[in-house]
Structures are given as structure tokens and as C-alpha cells.
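This report looks at how strands and helices are arranged in the structure shown below. It starts from one pair of strands and moves outward to the sheet and the helices.

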Amino acid sequence: MKRSADTVLDDPDHAPVLKSSKSQQLLIDVRDFQRRDSPKCFPNFRKPSQVGDFSIDKSRIFSRGTDQKKVLNSNLVESFGKQTTSISPLDLNTGYDGYSKEPDRLEYLDMILRWLESERVSDSSSQLIDRKRRLNASFVTWRGQLTKVGATPYEFNEPWQFVARKYQGTVFLAEVETEYKRRQEEDKDERQQRMCYWGYNFETFCCAKEGESERRQPVNTKEAYCCVCRTRLEKHTLIYAGEVDCIHPQSKENIELKTTRRFNRGSRQEDSFHKFKLLKWWLQSFLLGVGHIISGMRDDEGTVQQCRYFPVLEIPKIANQTRAHWDGGQCLRFIDALLSALAAQVTDEGLLYTVDYDPQTRRVLVSSQPGHTSPHYSRLVPDWWVAAASAGTQQPPWS
């Protein structure tokens with residue numbers, strides 16, 4: 001089940017909320033970027049290559065491989081490829097009264113580093129990591145962080161913040177909680193919490209674990225199946241991971257599952273959907289090489305009677321047939337611009353860097369502090385990873 005920016009639980013202690021530093025410097029002015037970024041061809045972006053996968057069970061235990069991989073419901077497989085399909089009325093409120101979601105806690109990059117460590121141990125010829133844990137990558141992060149960065153040129157409301165640390169030539173990036181996000185979570189009313197549950201419940205309806213027969217399972221937001229991808233954007237080599245909702249049982253393509261409010265063609269709701277929601281859906285899926293998105297079209301009471309299929313590569317064309325007017329190429333160009341700015345700024349391996357986006361000023365700012373003064377420094381690149389890189393033999397704490 002999706003979590004904010006693909007974060008998952010590990011450390012039981014909730015990370016502190018970072019606040020802005022007085023010594024911030026301008027990294028990118030988004031308005032200036034957009035003025036200079038005239039429409040042009042898509043940037044050089046290599047199709048993401050899936051280099052591995054891992055699973056996280058209901059107890060938040062990591063394992064290498066496909067234990068938590070799920071397959072698409074056979075009823076939806078039969079209608080796959082159509083634009084829409086009708087289903088028997090599905091009440092997404094089912095099970096809500098007994099549901100209790102634990103708050104998300106920041107995990108930083110631990111699960112990705114665990115997978116990289118398992119890759120080093122299992123494949124001595126790996127092209128990703130050597131025996132000293134030097135990575136063949138400019139940046140390591142979660143897919144969700146790249147999605148937020150890429151959507152920034154069109155984001156006027158929600159701030160974001162992440163921390164960065166350079167180690168052995170690679171920059172590690174992870175999201176941290178903003179005051180805005182914390183207040184947003186605390187202020188959710190019963191209706192908003194229920195609507196979040198609808199999305200989780202739709203995923204449960206659409207999926208069965210690989211090799212198991214289809215049957216409705218209780219909603220579980222702790223389990224996850226994640227793919228690890230490697231790609232290149234202009235001069236930057238990236239390793240990132242993201243959660244995959246399910247796969248098609250025949251084609252094996254990755255599928256994303258969503259819900260959205262049903263709307264009429266030509267309505268203002270359709271325009272809003274194409275302008276805002278489809279942008280983030282496309283970016284999130286495109287970065288992970290997802291082939292299709294299946295959306296449950298719900299009513300205001302949480303009942304789905306129709307599903308709509310979106311081929312990911314066709315989404316920009318679908319969106320811009322209305323008044324959406326967003327440019328997927330600009331999203332990728334902004335990611336490239338930010339990574340280039342970070343590569344020039346994040347140079348001292350003894351410092352922790354904090355990067356903030358303020359939607360009011362439309363500026364991305366960066367500040368730094370000595371690593372020993374911040375708990376994020378040793379959580380972003382854990383001590384076991386650093387010690388093992390120095391000794392060459394030490395095993396991580398879960399082995």
C-alpha cells in the first residue's frame with residue numbers, strides 16, 4: 001500500500017520535523033526556470049531498467065524478492081485494454097469500522113540500502129555496487145521524491161523538504177516531514193480519513209497475491225512490493241525504488257491502482273482531474289516504467305461501478321486534449337536542473353544539506369550544517385553502511 005513519497009516504517013522513533021535554517025541559499029527559482037525553459041524536446045532520459053525487487057511484510061520485515069508481489073484481479077484482466085469497464089457495485093467502505101492506520105514514520109533509505117547490500121552479497125559481479133559499497137550512481141532516493149520534484153513547476157500549494165548527504169561520491173536523498181504535512185495529517189477529519197481508506201480498499205479488491213486465488217483480504221497498509229530501478233537523466237545516473245501495486249498476470253507489466261471521483265465529460269471536474277491529478281499519476285508511473293493505471297471511478301459515497309484504464313505513455317496526450325496544458329518534458333527537465341544544482345552544492349561529505357521548496361515564493365532553497373549536529377545525518381547513510389564500507393566485512397544489523 002502506498003505511503004507518502006514511498007516511505008516505509010523501520011525505526012520506531014519518529015524523526016523530528018525539520019525547520020528552515022536562517023542560512024538558506026537560493027538553489028533554483030522556479031519562475032525563472034520556467035521563463036528560461038522554453039518548450040523543447042524531451043530531455044535525454046533512459047528508460048528505467050528494473051534491476052531488482054524486494055518485499056516488506058505486515059511486520060515491516062525486509063526480504064529480497066517477490067513475496068509481496070500481487071497480481072491483477074481476473075475480472076479486470078478480461079477487460080484489460082478497454083478504455084472503461086463496468087463492474088458490480090463495489091462499496092469501498094467495507095471494513096472501515098475495524099480499520100486503524102498507524103501513522104507513517106520516516107525510514108529514510110534503509111530498505112533501498114538493505115537491497116543494495118543483498119545485491120553486493122549475492123552478486124559479486126554486480127554493476128551497481130562494489131565490495132567497498134561504492135555505488136555506480138550519482139543519486140540514490142525513492143521514486144516518490146523524484147515525483148515531488150518533477151511536479152514542482154506546477155505545484156503552487158504544497159511545500160516539500162528533503163535532506164541530502166554525499167558519501168563515496170554518491171548523493172543520498174530522502175524526504176522529511178514539513179510542518180505543512182504534519183498539520184495536514186493532524187487536521188484530517190473523519191471524511192478525509194475514510195476517503196484515504198477507499199484508495200487502500202480498492203487496491204485490496206483489485207489484487208491477489210501471486211500464486212493465490214482471488215479473495216478479499218483485510219486492508220493492510222504495511223505490506224509492500226517494491227521495484228529497484230536504474231536510469232540516466234542527462235548526465236545523472238539514478239538508483240531509486242518505488243512500490244508497485246500489482247502486475248498483469250500474462251504480460252507481467254507493472255500496474256498502478258488509483259481511485260478518483262466520477263465526473264462528466266467536459267465538466268470543470270474533468271479539467272481539474274487532467275490538470276492536477278493526471279500529472280502526478282503520469283510522473284509517478286513513468287518514472288517506474290509502469291504500463292497502465294487503473295482508476296476506480298467512485299461516487300461521493302465511496303461506491304465504484306466503473307473502472308477506467310490509462311496507458312501511461314498516452315496520458316500527456318489525454319490530459320492536453322482539455323485545458324490541462326502541462327508538459328511532461330518540463331517535469332523531467334526540472335528534475336535534471338535540480339539534480340545538477342545539488343551536484344554542484346552537495347560536495348562536503350561531513351555536512352548534512354537541507355533542501356526546501358516554498359510554493360509561495362516559488363523558490364527552492366538549500367542550507368547545510370555539520371553532520372554531527374543532526375540526527376538525520378546518520379539515519380540517511382546509516383552507521384552500519386559506513387562501518388562496513390571501511391572494514392569491508394561487517395554485516396548489517398539484521399543479518
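## A strand pair within the sheet

In this predicted model, strand 7, which covers residues 160-167, pairs with strand 16, residues 351-358, in the antiparallel sense, and the two are joined over 5 bridges. Within this pairing, W160 has Y357 of strand 16 as its bridge partner.

## The sheet as a whole

Strands 7 and 16 belong to an open sheet of 10 strands, whose order is 1-17-16-7-8-6-11-10-2-3 and whose pairing is mixed. Its edges are formed by strand 1 (25-29) and strand 3 (62-64), each of which pairs on one side only. From one strand to the next, the twist averages 25°.

## A helix across the strands

Helix 9, made up of residues 328-345, lies across strand 1, strand 6 (139-142), strand 7, strand 8 (170-175), strand 10 (224-233), strand 11 (236-243), strand 16 and strand 17 (363-370). Relative to strand 1, helix 9 runs at about 160°.

## The contact of helix 4 with helix 7

Helix 4 (residues 143-151) and helix 7 (residues 268-287) have axes that come within 9 Å and cross at roughly 135°. Because of that angle, helix 4 counts as oblique to helix 7, and the crossing of the two is right-handed.

On the side of helix 4, the contact involves R143, L146, T147, G150 and A151, which meet K280, L283, Q284 and L287 of helix 7. By character, the residues of this contact divide into 4 nonpolar, 3 polar and 2 charged.

Definitions and conventions:
Residues are numbered from 1 along each chain as its sequence is written. This is a predicted model: local features need pLDDT of at least 70, side-chain atom pairs count only at pLDDT 80 or more; totals for chains, interfaces and linings use all residues. Side-chain values use heavy atoms; hydrogens and water are left out. Two strands pair if DSSP finds at least two bridges between them. Helices (H or I, at least four residues) and strands (E, at least two) are DSSP runs, numbered from the N terminus. Axes are lines fitted to C-alpha atoms, for helices over the stretch in contact, and angles run from 0 to 180 degrees between N-to-C directions. Contact means heavy atoms within 4.5 Å. Angles under 35 degrees count as roughly parallel, over 145 as roughly antiparallel, 65 to 115 as roughly perpendicular and the rest as oblique. A crossing is left-handed if the near helix is turned anticlockwise from the far one by less than a right angle, and right-handed if clockwise. Ala, Val, Leu, Ile, Met, Phe, Trp, Tyr, Cys and Pro count as nonpolar, Asp, Glu, Lys and Arg as charged, and the others, Gly among them, as polar.
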